[in-house]
Amino acid sequence: MGGESVYPEDLKYSREHEWARVAGATMRIGITSYAQEALGDIVYVSLPEVGEPVRAGEPFGEVESTKSVSDVYAPASGEVVARNEALDGSPELLNSDPYGDGWLIEVAVSDPSTLDELLDAAAYKEHVKGS
């Protein structure tokens, strides 16, 4: 196996193993390398449409692997402004490039102060160790 998971320092993390790349009041969301390793080979991704609301801590989609189906949770509330259409034909991007081409959705965050509750890379590493 590839060994240790990678957690880029410039991202925020949720306890449910999502990452958020924040740019102003917009955040791009994906799943962490830890999550994609735990899931195994990803075969299908279900995402909300542009314009749909997402709520912090609630599921907004599903990731299906050869082993299981897992909900993906929103790190913050807001409205979907983009979805990664490439995943429709290539769900394995979540495995090969979880922090790049394997992103899930972009959200216009309704309350940016809630992003302060997310974990930084060091805190997320500790969280993963304990799970």
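**A guided path through the predicted model**

Strand E6, which covers residues 59-65, pairs with E7 in the antiparallel sense over five bridges. The structure described here is a predicted model. Within the pairing, Pro59 stands opposite Tyr73 in E7. These strands belong to an open sheet of three strands, arranged in the order E4-E6-E7 with antiparallel pairing. Strand E4 (42-46) and strand E7 (69-73) are the edge strands, and each of them pairs on one side only. On average, neighbouring strands of this sheet are turned by 25 degrees against each other, with direction ignored.

The aromatic side chains offer a second route through the model. A pair of aromatic rings is described by the distance of the centres and the angle of the planes. The count comes to four aromatic pairs. In one of them, the rings of Tyr13 and Tyr124 have centres 4.9 Å apart and planes at 15 degrees; the pair is stacked because planes under 30 degrees apart count as such. This pair links distant parts of the chain, since Tyr13 is in strand E1 and Tyr124 is in helix H4 (residues 121-130), 111 residues apart. Both Tyr13 and Tyr124 are buried. Another pair joins Trp19 and Tyr99, whose ring centres are 5.9 Å apart and whose planes are at 45 degrees, so this pair is tilted. Here too distant parts of the chain are linked: Trp19 is in strand E2, while Tyr99 is in the loop between helix H3 (93-96) and strand E9 (105-109), 80 residues apart. Trp19 is buried, with a relative accessible area of 0%, and Tyr99 counts as buried at 13% relative accessibility. In addition, Tyr7, Tyr13 and Tyr124 form one aromatic cluster.

Between strand E1 (12-13) and strand E2 (18-23) runs a loop that contains His17. This residue is not a glycine, yet His17 has a positive phi of about 75 degrees. With a relative accessible area of 16%, His17 is buried, because the limit for that class is under 20%.

The last feature is a space between atoms. Rolling a probe the size of a water molecule over the atoms shows where empty space is left. The largest pocket holds about 200 Å³ of space. Tyr13, a member of the aromatic cluster, is also among the residues that line the largest pocket. The lining further includes Ser14, Arg15, Glu16, Ala56, Gly57, Ala74 and Pro75, as well as Thr114, Glu117, Leu118 and Leu119. By character, the lining of the largest pocket divides into six nonpolar, three polar and three charged residues.

Conventions. Residues numbered from 1 in each chain as written. Predicted model: local features only at pLDDT ≥ 70, side-chain atom pairs only at ≥ 80, totals over all residues. Heavy atoms only, no water. Pairing = 2+ DSSP bridges. Helix = DSSP H or I, 4+ residues; strand = E, 2+ residues; numbered from the N terminus. Axes fitted to C-alpha atoms, helices over the stretch in contact; angles between N-to-C directions. 1 Å grid on protein atoms, 1.4 Å probe; cavity = no way out; pocket = protein on both sides within 12 Å on 5 of 7 lines; lining within 4 Å. Points joined across faces, edges and corners; volume = space filled by probe spheres on them. Nonpolar A, V, L, I, M, F, W, Y, C, P; charged D, E, K, R; others polar. Buried < 20%, exposed > 50% of the residue type's maximum accessible area, 1.4 Å probe, protein only. Phe/Tyr/Trp six-rings, centres within 6.5 Å; stacked < 30°, edge-to-face > 60°.
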